[in-house]
Every structure is written in C-alpha cells, then in structure tokens.
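Hello,

Here is the structure I promised to pass on to you. Please open it beside this message, and then read on for what turned up in it.

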Amino acid sequence: MTRSVYVTRAVDLRVESVDEVLDRVERSLQTRLNRDTVVRKRRSIGARTGRDTWVRIERRGLDRIGIQGGDGTASVEALCGIAKPAWLAGVAWRDEIEPVMWRADETELLLGAPVGSAVVTEDPQLPEEWWAALNASLDAPATQHTTGSRHRIPRPSRRNCSQGRSTVFSPAAIRPWSNGVWPMQISTGRI
C-alpha cells in the first residue's frame with residue numbers, strides 16, 4: 001500500500017477569507033453565526049450563534065490528524081467530572097482543494113469573562129467553588145481510561161514552585177472556559 005504524503009500550505013485564518021467556511025458551517029449546523037462576534041485566530045475561528053451557543057471552527061492539515069487527532073472536543077465528552085461546556089454538535093469535512101480537514105463544534109455558550117490572559121500575574125479573586133472545580137477537573141482524568149495519551153497535563157503544586165519551576169494556567173480555561181480551548185491552557189517553565 002502506498003502512503004500518501006500531504007503538504008499543507010501554511011494559512012493564517014486571521015487574514016484569509018473564511019466566508020465560504022462560515023456559510024458551510026451555518027448550513028451544516030442549521031444556525032446563524034453572529035458575524036459581529038467572530039474571533040479569528042491563526043488556525044481556528046469562533047463565533048456566537050443565533051441560538052446562544054458557541055461554534056469553534058478549526059482548520060487542520062491531514063498530515064497532523066494522525067499525530068494530533070481531529071475530534072478533541074467531541075472526544076472530551078467521554079470524560080466525566082471535568083468542568084467544561086457541553087458539546088452539542090459537530091461537523092467535519094475534507095477541503096475540496098487543499099489537503100486539510102475542517103471541523104466545527106457547537107458547545108454551550110459561557111458568558112463569564114476570561115480571567116486575565118495566558119499568564120495570571122495577579123490573584124483573580126476566584127471563589128472556593130471555582131478552585132474545587134479546578135481540582136476535581138485535574139484529578140478526574142486519572143481515574144478514567146482513554147485510548148490516547150497525547151497530552152500530559154502537569155498538576156500545579158507548591159513543590160513545582162519550590163523547585164524553581166512554575167506551572168501557569170489560565171483560570172478561564174476551566175470556568176469560565178475560553179470557548180474552544182481544551183483541556184486547559186497550561187505551560188510549565190523556569191521562573
């Protein structure tokens with residue numbers, strides 16, 4: 001059997017025309033995207049819908065699907081005990097011209113504002129319930145079986161900080177969730 005080699009053109013969705021993609025998603029999910037709420041990132045687009053949900057659209061090269069997978073939001077529905085917006089529907093298709101896959105996922109809309117940015121430098125004054133949800137969400141994957149092990153999330157701890165490392169996370173990634181970011185925005189590095 002011959003293995004296909006795909007060469008994916010680098011695309012920045014912040015500057016590329018995406019009207020046809022947005023139209024296709026609207027038809028497929030049978031909802032209107034509020035074009036005034038569109039958030040464009042390099043490889044994804046998000047928007048609020050007419051039924052007060054959130055749609056995240058992702059463009060991924062076929063060469064990356066075997067390495068990264070292509071259905072993260074839907075797959076996460078199998079995990080229990082993790083604070084996340086409910087996944088409602090999804091649609092995926094292969095681009096007719098380029099070797100890429102498009103995927104759109106519709107999730108519950110979370111109206112809370114994100115807390116800070118990728119690095120929280122000040123105490124966000126979150127309630128104890130929020131921290132309890134974070135701790136439960138970090139513990140829950142350890143008790144569940146998954147077929148993939150692509151991501152290992154370092155657990156924030158005092159030990160990491162005392163050893164000269166810091167684990168920085170975005171509280172917005174759990175509740176309120178930055179629509180479309182999963183499982184969390186976490187990075188570990190030297191202080």
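Below I go through the sheet, the helix packed on it, the cores, the aromatic pairs and two loop residues. Please keep in mind that this is a predicted model.

**The sheet**

A good place to begin is the open sheet, which is made of 5 strands in the order 1-2-3-5-4 with antiparallel pairing. Strand 1 and strand 4 are at its edges; each has a single partner strand, so one side of each has no neighbour in the sheet. Further in, strand 3 and strand 5 run antiparallel and are joined by 9 bridges. If you would like one pair to look up, glycine 61 has valine 100 in strand 5 as its bridge partner.

**The helix on the sheet**

Helix 1 packs on this sheet, where it touches strand 2, strand 3, strand 4 and strand 5. The direction of helix 1 makes about 130° with that of strand 4.

Which residues of helix 1 are buried? They are Val21, Leu22, Val25, Glu26 and Leu29. These residues cover an arc of only 135° around the axis, so they sit on the same side of helix 1. Strand 2, strand 3, strand 4 and strand 5 are among the elements that cover them. On the face turned away from the buried side of helix 1 you will find the exposed residues Glu20 and Arg27.

**The cores**

In soluble globular proteins, nonpolar side chains tend to be buried together. In this model, the largest nonpolar core has 17 residues, and those touching the most other members are Val25, Leu33, Val55, Ile57, Trp102 and Ala104. Two or more residues each come from helix 1 (19-29), strand 2 (44-48), strand 3 (53-61), strand 4 (87-94) and strand 5 (100-108). Helix 1 gives the largest share, 4 residues.

Isoleucine 57 is a nice residue to click on here. Leaving aside residues up to four places away in sequence, its contacts include Val21, Leu22 and Val25, as well as Leu33, Ile45, Trp102 and Ala104.

There is also a second, separate core of 5 residues, among them Val115, Leu126, Trp130 and Leu138.

**The aromatic pairs**

How many aromatic pairs does the structure hold? There are 2. In one, the rings of tryptophan 93 and tryptophan 102 have centres 6.3 Å apart and planes at 15°, so this pair is stacked. Both tryptophan 93 and tryptophan 102 are buried.

The other pair is edge-to-face, because the rings of tryptophan 130 and tryptophan 131 have their planes at 85°, with centres 4.6 Å apart. Tryptophan 130 is buried, at a relative accessible area of 7%, while tryptophan 131 is partly exposed, at 27%.

**Two loop residues**

Finally, have a look at two residues with positive phi. Glutamine 30 follows helix 1 and is found in the loop between helix 1 and strand 1 (39-40). The phi of glutamine 30 is near 55°, a positive value in a residue other than glycine. Glutamine 30 has 68% relative accessibility, so it counts as exposed.

Aspartate 52, in the loop between strand 2 and strand 3, has a positive phi of about 55° although it is not a glycine. With 47% relative accessibility, aspartate 52 counts as partly exposed.

I hope you enjoy looking around.

Best wishes

Conventions
Residues are numbered from 1 along each chain as its sequence is written. This is a predicted model: local features need pLDDT of at least 70, side-chain atom pairs count only at pLDDT 80 or more; totals for chains, interfaces and linings use all residues. Side-chain values use heavy atoms; hydrogens and water are left out. Rings of Phe, Tyr and Trp (its six-membered ring) pair if their centres lie within 6.5 Å; planes under 30 degrees apart count as stacked, over 60 as edge-to-face and the rest as tilted. Buried means under 20% relative accessible area, exposed over 50%, partly exposed in between (1.4 Å probe, protein chains only). A nonpolar core is a set of buried Ala, Val, Leu, Ile, Met, Phe, Trp, Tyr and Cys residues joined through side-chain atoms within 4.5 Å. Contact means heavy atoms within 4.5 Å. Two strands pair if DSSP finds at least two bridges between them. Axes are lines fitted to C-alpha atoms, for helices over the stretch in contact, and angles run from 0 to 180 degrees between N-to-C directions. The arc is that of the directions from the helix axis to the C-beta atoms.
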